Amino acid sequence: MTRHQTTLSYGIVVLQVFLILFSLLDPQALPSAFSYAGKFHPLLLHLPITLGIILLPLSIWIHKINNAPVKAAFKTVLLYNALLATTTALGGLFLSSNNEYDQDTLFNHKWSGVGIALFSHALVYIYPLLEFKQKYWNLSIASSIALLIFGSHYGGTLTHGEDFLSFNSKEEIKNLIPVIDKQTTVYEAGIQPILNAKCVSCHNDQKKKGGLNFSSVEQTLKGGKHGAIWTAGDPSKSEFIQRLLLELDDKKHMPPKGKSQLLSDEIALFSSWVQQGADVKKTFLSLSNEDTLKLIIDQLHARIPTKKEEKIYSFKSASADDIASLNTPFRRVIPLAFNSPALSIKFYLKEKFNIELLKECAKINKQVVEINLSTMPVDDKILPILAEFEHLERINLNGTLVTGTNFSALAKLKFLEQVSLTGTAIDKKALEQLANTKSLKKVFIWNTQVSETDIVELQKKYSSIQWDKGYIPNPSEILKLTPPYPINREKTILEPGESISLKHPLPGVTIRYSLDGTSPDTLQGSVYTKPIPANGLIRIISVATNNGWLSSNLSDYTFFQKGFSVDSAVLLNEPDNRYKKAGAKALIDLTKGFVDNLGMNWLGFREKSMKAGFHFSNNPMLKQIVMSMADNTGAYVFPPTQITIRGGSNAKNMKTIGTLTPEMPTAYRGNSVLPYVIPLVPGNYAYIEIEAQNITKLPKWHNGKGEKGWVFVDEVFFY
């Protein structure tokens, strides 16, 4: 060896001594500085992996040219390969000190990394011995590559999950929405898919940052190092939601900067779900159409694909010409999935239907797995024809004249799994015939002649079949009403003289309301009988009541009346970059924001106070100003400590004309939009300047005590 190679080799030996010693220690006993050094592990690991893999072809090439200087240089390459492998293994040990990884997988990865480092250095000394025994030397390098792949597999498992480097070709799209059935919970339908898409990469069975594992509802409910991640019924006290709403540059913000962030409606879903009790057992189909959770989840489902099992069929595809010839405005034949030979047939416009339209499909009867005859004028004569489609899996006969007197004709279908018979005249006797179809799994029998007693008997006798009767109310169950709401919930800024109409979807419900901030109930509050006139600022708290029902939760809506028009507005202090999309226009555009989505129609101030100027060309007689502001204590959004209004003929000629000191919260409270009314010294003003000072130190009861709070404003009204 040259002097340089010898020095390098000694240095590697020293590093490997440290490597073995640290490997035998508890990683958590290492000083925090070592954990920071471990962050370089992901940056270094690609170098020894690449170099280790190219050693084999490089060695074969060197052997062929048989050049002494090149062989000497190759020894130096082997030394640097050992140095990189040892340094990377040390970094991995330091990184493991945060205890956020699956210990069994970590054990395998750690010791395979140590093995790679030691074996890489051993190659330096093996090479002179096997230089002329190419077969054995290549076998040594191949062994090091195998060890490298083994260690990399466990490293990939730690960061990316099971089978990251396995030969399993199964593909899993984790953020897909599950197929919704009556057992599907709200958590499964909306919460888990978002966690899978945005959180599970760092919080899973192998990698548990903060001690959290979001891979399943059971693991999620265990919480992390700081306990439960949400407080049922109170989003403001739920650490998970607090972290979602933190500034992106905040170290506690989740997901971290650089990771895919949650969208505003996804955050709103978590907030609403926690507000409603964070019930992991509540089913999605039990939600009313007006429920906030259902509305948000439906939006998510519209843009995220539904998870479906992709079935593989062994039969050949039908002729493209045959399919094309069968497609008409009243009959559509389409593939069940992209590149799938399985076909679905659906019929349209019952006035144009005749049985020949189905018989003509005999040319593709081996490929059809789904036939939809819903509302078509067909009766029991259709059943023997359907039985000729040998691979049929699903039949929809909803709203037809089928009675099922010859359901036995379908018994020959070996793959039939589902039949829909909603709104037909079928009875228990007919269903017993249908049950003889051995492959049958599910039958929809809503609005039929089948009684509840019949269903019980069918379920007992044919337990392998799911007899879906839909929702059957329990006579002794007392249901809770949904809250009343304004007919136009999006319109919260009204014209002078405009009224507010309340609504409830259930006829006969009594709506009680208050305008003074008190909570109405079955006895207290005004009974709503006609639209409520809106004169200036108005807050309507309402409740729905009815005999035999539990009263609804309170609904709380604040409405603003348009004031004097503002010619222009200017921001004198810049908002935070994340919350200034619309600029000063946001304060006078008559577009309200929603407290659960601070990213839209809001201006957020933290480093500086909210300060803005407003110009009026007609010098209106102003008597008061109303500021619409967000109140979200869990996200550090507090009332301003002081609101100061100055006015005059221009920006250089002003005096203080109004002040307000809002009351500070003494504990976490629900999120809301609060109006602050500031009385003014009446006068004609061409220019108004408003400053709202954010709290500089959050109170001791708050998790962020001592930190700066936020002020959020979405609209300013002048009266």
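This passage walks through a helix, a group of strands, several aromatic contacts and two loop residues. The structure is a predicted model, and residue numbers count from 1 along the chain.

A good place to begin is helix α8, which covers residues 186-198. Its 13 residues reach 18 Å from the first C-alpha to the last, close to the 18 Å expected at 1.5 Å a residue. The helix nevertheless carries a kink of about 35° at Gln192, shortly before the proline Pro193. Helix α8 is largely enclosed by the rest of the structure, because 10 of its 13 residues are buried. Among these buried residues are Val186, Tyr187, Ala189 and Gly190. Both Gln192, where the kink lies, and Pro193 also belong to the buried set. One residue of this helix turns up again in an aromatic cluster, since Tyr187 is grouped there with Phe214, Trp230, Phe240, Phe270 and Trp273.

From the helix, attention can move to strand β16, which spans residues 555-561. This strand is mostly covered, with five of its seven residues buried. Strand β15 (residues 538-545) runs antiparallel to β16, and five bridges join the two. Within this pairing, Ile541 stands opposite Asp556 of β16. Strand β16 also pairs with β9 (residues 493-494), here in the parallel sense and over two bridges. In that case Leu494 faces Gln561 of β16.

Aromatic rings offer another way to read the fold. The count comes to 20 aromatic pairs. In one of them, the rings of Tyr513 and Tyr528 have centres 6.4 Å apart and planes at 75°, so the pair is edge-to-face. Tyr513 sits in strand β12 (residues 510-514), while Tyr528 is found in the loop between β13 (526-527) and β14 (532-533), so the contact ties together parts that are 15 residues apart in sequence. Both Tyr513 and Tyr528 are buried. A second pair brings the reader back to β16: the rings of Phe560 and Phe717 have centres 4.9 Å apart and planes at 10°, so they are stacked. Because Phe560 lies in strand β16 and Phe717 in strand β25 (residues 711-718), this pair links parts that are 157 residues apart in sequence. Phe560 is buried, as is Phe717. A ring can also meet a charge, as where the charged end of Lys346 sits over the ring of Tyr348, 5.3 Å from its centre.

Two loop residues complete the tour. Thr424 is placed in the loop between β5 (418-420) and α16 (428-434). Its relative accessibility is 6%, so Thr424 counts as buried, the cut-off being under 20%. Beyond its neighbours within four places in sequence, Thr424 is in contact with Leu397, Gly399, Thr400 and Val402, and also with Asn447, Thr448 and Gln449.

Ile695, for its part, is located in the loop between β24 (687-693) and β25. This residue counts as buried because its relative accessibility is 11%. Residues up to four places away in sequence aside, Ile695 touches Phe638, Thr641, Met664, Lys708 and Gly709. For one of these partners, Met664, the C-alpha atom is separated from that of Ile695 by 9.5 Å, with the two residues 31 apart along the chain.

Terms used: Predicted model: local features only at pLDDT ≥ 70, side-chain atom pairs only at ≥ 80, totals over all residues. Heavy atoms only, no water. Buried < 20%, exposed > 50% of the residue type's maximum accessible area, 1.4 Å probe, protein only. Helix = DSSP H or I, 4+ residues; strand = E, 2+ residues; numbered from the N terminus. Pairing = 2+ DSSP bridges. Contact = heavy atoms within 4.5 Å. Expected span 1.5 Å × (residues − 1). Bend = angle between axes of the 7 residues up to and from the residue. Phe/Tyr/Trp six-rings, centres within 6.5 Å; stacked < 30°, edge-to-face > 60°. Lys NZ or Arg CZ within 6 Å of the ring centre and 35° of its normal.
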